[in-house]
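The following note sets out points for a colleague who is examining the coordinates. Each point takes up one part of the fold or one local feature of the backbone.

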Amino acid sequence: MAFPSQAVLLQYRDIQKPEEHLMTRLSIALLALLTIPALHAAGPSPAPEGAAVYFISPQDGDKVSSPVKVRFGLRNMGVAPAGVERQHTGHHHLLIDMESLPALDQPLPANEQVVHFGGGQTETTLDLPAGKHRLQLLLGDHFHIPHNPPVLSDVITIEVK
Ligand SMILES: [Cu+2]
């Protein structure tokens with residue numbers, strides 16, 4: 001059985017000499033040092049110079065009727081589905097009526113205001129209530145993390161009739 005043998009192991013650890021404890025701690029510290037830079041190296045993905053994401057349609061100030069067809073444009077980068085790691089690619093995220101930007105150094109949340117297009121889609125159709133709405137596009141990498149520097153569109157405001 002696992003439990004009694006674990007108890008024996010704990011007892012054995014308790015009677016280890018202090019130097020051995022120190023060695024264990026040093027090993028753990030060393031492991032942490034080796035692991036942390038590796039995690040940092042994994043992200044964020046670099047964006048090339050001149051990379052830009054923008055709305056092909058609608059355009060800022062447009063008066064539209066719902067459902068709204070939204071088309072995403074991307075310059076100097078390619079579209080790849082979520083989970084596919086390929087240099088200088090990413091997938092679109094549509095930010096809808098966000099008060100502020102989400103954290104740009106971690107995976108983007110997925111909710112009604114942050115919509116992922118992880119299949120590599122470059123357009124969508126939105127059902128929006130009447131009134132003014134703010135839209136913004138943000139590219140994310142294979143982990144849904146914005147690039148460095150972030151590839152972020154201007155905010156457009158549209159009015160749904
Ligand atoms: Cu995503």
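1. Parallel pairing of β4 and β5. Strands β4 and β5 run parallel and are joined by two bridges. Within this pair, Val79 has Gly90 of β5 as its bridge partner. The model under discussion is a predicted one, and the points below should be read accordingly.

2. Other partners of β5. Strand β5 spans residues 89-96. On pairing with β6, β5 takes the antiparallel sense, with three bridges; here Leu94 is matched with Val115 in β6. β5 is also antiparallel to β8, and six bridges connect these two strands. Two of the facing residues in β8 can be named: Leu138 is opposite His93, and Leu139 is opposite His92.

3. Burial of β5. Is β5 mostly covered or mostly open? Six of the eight residues in β5 are buried, and the strand is thus mostly covered. For the protein as a whole, buried residues amount to 17% of the 161 residues.

4. Pairing of β8 with β9. Strand β8 covers residues 131-140, and β9 covers 156-160. The two strands are antiparallel and share five bridges. Arg134 has Thr157 in β9 as its bridge partner.

5. The three-stranded sheet. A separate item for inspection is an open sheet whose three strands follow the order β1-β3-β7 and pair in the antiparallel sense. Its edges are β1 (52-57) and β7 (123-126), each of which pairs on one side only. From one strand to the next, the twist averages 30°. Between β3 (residues 68-75) and β7 there are four bridges, again antiparallel, and Val68 is matched with Leu126 in β7.

6. Overall composition. How many helices and strands does the protein have? There are two helices and nine strands. Read from the N terminus, the order is α-α-β-β-β-β-β-β-β-β-β. Of the contacts with a separation of 6 or more, 68% are between residues 24 or more positions apart.

7. The largest nonpolar core. This core has 15 residues, and those touching the most other members are Val53, Phe55, Phe72, Leu94, Leu137, Leu138 and Val151. Strands β1, β3, β5 and β8 each provide at least two of the core residues. The greatest contribution comes from β8, with four residues. Val53 may serve as an entry point: beyond its neighbours within four places in sequence, Val53 is in contact with Phe72, Gly73, Leu74, Leu137, Leu139, Val151, Leu152 and Ser153.

8. Two cis peptide bonds. Most peptide bonds are trans. The bond from Ser57 to Pro58, however, is cis, with omega near -5°; Pro58 belongs to the loop between β1 and β2 (63-64). The bond joining Asn148 and Pro149 is likewise cis, with omega about -5°, and Pro149 is located in the loop between β8 and β9.

9. Positive phi angles. Most residues other than glycine have a negative phi. Asn76 is not a glycine, yet its phi is positive, at about 65°. Asn76 occurs in the loop between β3 and β4 (78-79), and it counts as partly exposed because 13 other C-beta atoms lie within 10 Å. Asp97, also a residue other than glycine, has a positive phi near 50°. Asp97 lies in the loop between β5 and β6 (114-116). With 14 C-beta neighbours inside 10 Å, Asp97 is partly exposed.

10. Surroundings of His144. Why does His144 count as partly exposed? His144 has 19 C-beta neighbours inside 10 Å, whereas a residue is buried only if 20 or more other C-beta atoms lie within that distance, and exposed if there are 12 or fewer. His144 therefore falls in the partly exposed class. This residue is in the loop between β8 and β9. Apart from neighbours within four places in sequence, the contacts of His144 are Ala82, Pro107, Leu108 and His116. Its C-alpha atom is separated by 7.7 Å from that of Gln106, although His144 and Gln106 are 38 residues apart along the chain.

Methods
Residues are numbered from 1 along each chain as its sequence is written. This is a predicted model: local features need pLDDT of at least 70, side-chain atom pairs count only at pLDDT 80 or more; totals for chains, interfaces and linings use all residues. Two strands pair if DSSP finds at least two bridges between them. Axes are lines fitted to C-alpha atoms, for helices over the stretch in contact, and angles run from 0 to 180 degrees between N-to-C directions. Two residues are in contact if their C-beta atoms, placed from the backbone, lie within 7 Å. A nonpolar core is a set of buried Ala, Val, Leu, Ile, Met, Phe, Trp, Tyr and Cys residues joined through C-beta atoms within 7 Å.
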